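This report concerns salt bridges, burial and the contact between domains in a single protein chain. The structure under discussion is shown here.

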Amino acid sequence: MQTETIAIHAGNLTRSTTGDVTAPISLSTTFFRDEQGGYPGGHMYSRVSNPNRSALEKVMADLEKGADACAFSSGNTAGMTLFQALAPGSHIIAPDDMYWGFKKQLQSIFEGILTIDFIDLTTTATIESYIQSNTVMIWVETPSNPLLKITDLAAISVIAKKHQLIFACDSTFASPCFQNPILSGADIVMHSSTKYIGGHSDVLGGILITAAKNEFWDKIRNIQQIGGAVPSPFDCFLLLRSIKTLPYRMRGHAENGMALAKHLAAHSKVEAVYYPGLPSHPHHEIAKKQMSAFGGMLSILIKGDAENAKKVVNKVKLFAQATSLGGVESLIEHRASVEGPDTKTPQNLIRISVGLEHIDDLIADLEQALA
């Protein structure tokens with residue numbers, strides 16, 4: 001089946017006794033056992049599994065061309081579960097430009113438990129020099145947040161397989177519609193389903209998808225079920241509903257993203273535009289190779305300093321000045337002020353999540369803010 005069909009049908013629950021076409025919400029926390037003590041409905045207790053969560057995991061595994069998926073209560077929890085499954089003392093190679101929340105998580109929660117090298121993963125020739133005897137994972141984020149760096153997934157896969165390392169990829173910015181890291185050799189794919197998967201800025205979630213069910217995946221599933229940081233049935237219902245329109249929403253995000261990037265690249269008050277769909281992007285050819293479209297995220301450098309950038313985000317009227325991304329509404333943010341004093345993000349950088357409004361209205365709003 002094609003992506004649009006998978007999105008609509010792969011998450012459907014088995015037909016209920018009442019004949020629901022849309023999957024109902026199953027709120028029960030516990031499920032009947034039979035005379036032999038088994039569970040004829042396939043579920044025992046909602047922390048372990050739930051019909052809505054199972055449906056969400058099924059459709060996401062299918063969309064990402066994986067063997068299985070584990071859903072969590074947030075994107076940060078999904079990432080943290082992956083790191084928790086590693087043995088203490090393990091070494092991770094991670095990107096120098098990555099989601100601030102994950103970087104802080106690795107530096108604080110896992111301080112003294114894991115060791116991490118944050119390096120430029122876009123230069124694959126130098127990666128092997130960082131591999132140590134205790135290295136177990138290469139963690140990739142592509143496109144990256146907030147500089148929209150592109151990492152060559154196939155090249156990383158070769159290195160990971162050569163050294164028998166786990167290759168995990170945060171593909172949140174791309175969504176399953178535009179990039180399938182498993183097809184390029186990744187072992188595990190992660191999404192903050194709060195973002196494009198949910199798409200309406202009204203549900204929190206995260207998900208991991210595996211290329212194969214193996215011993216490491218069993219550890220992740222065990223942390224999910226025993227730790228219990230799982231999404232509620234209603235959260236899963238909302239995500240399943242949103243996924244049905246995901247392929248069509250992503251086309252609109254990508255179309256608007258490209259148009260806005262081109263417009264801003266020619267603007268006299270913009271120093272630079274970071275968007276992998278532009279031929280001027282240093283990793284444009286790699287992006288073309290592994291992405292079918294380039295998404296709705298872009299960052300720009302305003303000519304001047306942090307104050308100049310803040311003036312722009314304070315003057316917009318249609319864009320919402322808010323954290324997060326991937327919703328139908330356009331968001332804008334001075335990213336460095338969110339990340340704090342130790343940020344490596346340029347002080348004149350503005351991150352933009354391009355929504356599904358008419359592109360002419362989005363351009364007009366930024367034009368008046370830049371004026």
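Glu-339 and Arg-335 form a salt bridge in this predicted model, with their closest N and O atoms 3.1 Å apart. Both residues belong to helix α12 (residues 335–339), where they are four residues apart, about one turn of the helix. In general, an α-helix has 3.6 residues a turn, so residues three or four places apart point the same way. Both Glu-339 and Arg-335 are buried.

A search of the whole structure finds 15 salt bridges. Four of them, including the pair just described, are listed below with their N to O distances.

| Salt bridge | N to O distance |
|---|---|
| Glu-339 and Arg-335 | 3.1 Å |
| Arg-351 and Glu-333 | 3.5 Å |
| Lys-149 and Asp-96 | 3.2 Å |
| Asp-152 and Lys-289 | 3.0 Å |

The salt bridge of Arg-351 and Glu-333 links distant parts of the chain, with Arg-351 in strand β12 (residues 349–353) and Glu-333 in strand β11 (residues 331–334), 18 residues apart. Arg-351 is buried at a relative accessible area of 4%, and Glu-333 is buried at 6%.

Lys-149 and Asp-96 also pair in a salt bridge. Lys-149 lies in the loop between β4 (135–141) and α5 (153–162), and Asp-96 in the loop between β2 (91–95) and α4, so the pair ties together parts that are 53 residues apart in sequence. Asp-96 is partly exposed, because its relative accessibility is 31%.

Arg-53, Glu-57, Asp-68 and Arg-221 are linked in a network of salt bridges. Within this network, Glu-57 is placed in helix α2 (residues 51–63) and is buried, with a relative accessible area of 7%. Beyond residues up to four places away in sequence, Glu-57 touches Ala-69, Cys-70, Ala-71, Ile-207, Arg-221 and Gln-224.

The protein is divided into domain 1 (3–241) and domain 2 (247–370), and 26 Å separate the centres of the two, taken over C-alpha atoms. Their contact takes 31 residues from domain 1 and 38 residues from domain 2. Together the domains bury about 3000 Å² between them, 61% of it on carbon and sulfur atoms. On the side of domain 1, Ile-150, Phe-178 and Tyr-196 lose the most area to domain 2, together 27% of what that side buries. Three salt bridges are counted between the domains, and 16 residue pairs are in polar contact across the interface. The residues of domain 1 that touch domain 2 divide into 15 nonpolar, 11 polar and five charged.

Terms used. Residues numbered from 1 in each chain as written. Predicted model: local features only at pLDDT ≥ 70, side-chain atom pairs only at ≥ 80, totals over all residues. Heavy atoms only, no water. Helix = DSSP H or I, 4+ residues; strand = E, 2+ residues; numbered from the N terminus. Buried < 20%, exposed > 50% of the residue type's maximum accessible area, 1.4 Å probe, protein only. Contact = heavy atoms within 4.5 Å. Domains from an automatic or database assignment. Buried area = accessible area lost by both parts, 1.4 Å probe. Salt bridge = Lys/Arg side-chain N within 4 Å of Asp/Glu carboxyl O. Polar contact = N/O pair within 3.5 Å; in protein donor to acceptor, adjacent residues only side chain to side chain. Nonpolar A, V, L, I, M, F, W, Y, C, P; charged D, E, K, R; others polar.
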